[in-house]
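Please open the model in your viewer and keep the selection tool at hand. The stops below each name what to select and then describe what is found there.

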Amino acid sequence: MIQNKGDTVIIKGSKFMYVWIFLATVGFLLACIFLIIHGLKFNSKYSFLYLGGGIVLTPFYLYLTIWSLPGLMPGRVLFRIFPGEKGTVNAKKDMVSISNIRSINLVRNPLNLINDIVIDTFNDKKIKIRTYNLLGDLDYEMIVDQYIYPYMTENAKEVWDRKVDLERLRKVARYERKEPKIE
């Protein structure tokens, strides 16, 4: 969800993604507990499968739920963008100037399966912005293309143009890049 407040663009997760993440983490954890309880009753020939599946999958879903809990706080601001020639991208702890961005990527962390926005700067700094999977791929591409891309350096724009598929954004999300006005 994008909120424009004056000259600030506030990026939050959508309500749909909150529900989706809640169901995917807490829902599967509750399903594993349900399997263990019904497996312990031993009233079916599948009780050992229920019990085994519940015991094996519970630690995995508990791990994912613990990692996702901070993102489930309602109204959580993922990051802020101050667009403009001297614009910045502000995360909770870090801030980077848009003109200092070398590349920007959406990367899935292999340990917790949560997407992070990774920004590489020209002074060899890496800034990670945790999205808690509340920001979809298309939303991420549209936000970067609309609010950050116009103020990036020419080299960074070339890198972004190689990554983004504007044709897919046009077909799926009905997004068109607005070309800058030449006066």
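Select strand S7, residues 115-121, where Asn115, Ile117, Ile119 and Thr121 point one way while Asp116, Val118 and Asp120 point the other way, every one of them being buried (under 20% relative accessible area, with exposed meaning over 50% and partly exposed in between, for a 1.4 Å probe and protein chains only). In a regular strand, side chains alternate between the two faces of the sheet. Because seven of the seven residues of S7 are buried, the strand is largely enclosed by the rest of the structure. Strands here are DSSP runs of E with at least two residues, and helices are runs of H or I with at least four, numbered from the N terminus.

This is a predicted model, in which local features need pLDDT of at least 70 and side-chain atom pairs count only at pLDDT 80 or more, whereas totals for chains, interfaces and linings use all residues. Residues are numbered from 1 along each chain as its sequence is written, and side-chain values use heavy atoms, with hydrogens and water left out.

Next, add strand S6, residues 101-108, which runs antiparallel to S7 and is joined to it by seven bridges (pairing requires at least two DSSP bridges between the strands). Isoleucine 101 stands opposite threonine 121 of S7, and in the six-residue turn of this hairpin leucine 113 has a positive phi of about 60°.

On then to strand S8, residues 126-130, which pairs with S7 in the antiparallel sense over five bridges; here isoleucine 127 is the bridge partner of isoleucine 119. Four residues separate the two strands of this hairpin, and aspartate 124 takes a positive phi near 55°.

Now display the side chains of aspartate 116 and arginine 130, which meet in a salt bridge at 2.7 Å, N to O (a side-chain nitrogen of Lys or Arg within 4 Å of a carboxyl oxygen of Asp or Glu). Aspartate 116 lies in S7 and arginine 130 in S8, so the pair ties together parts that are 14 residues apart in sequence. Aspartate 116 is buried at 4% relative accessible area, whereas arginine 130 is partly exposed at 26%.

For the last stop, select Asp145, Asp161 and Arg177, which are linked in a network of salt bridges. Asp145 is among the buried residues of helix H3, and the closest N and O atoms of aspartate 161 and arginine 177 are 3.0 Å apart. Aspartate 161 is partly exposed at 33% relative accessibility, while arginine 177 is buried at 18%.
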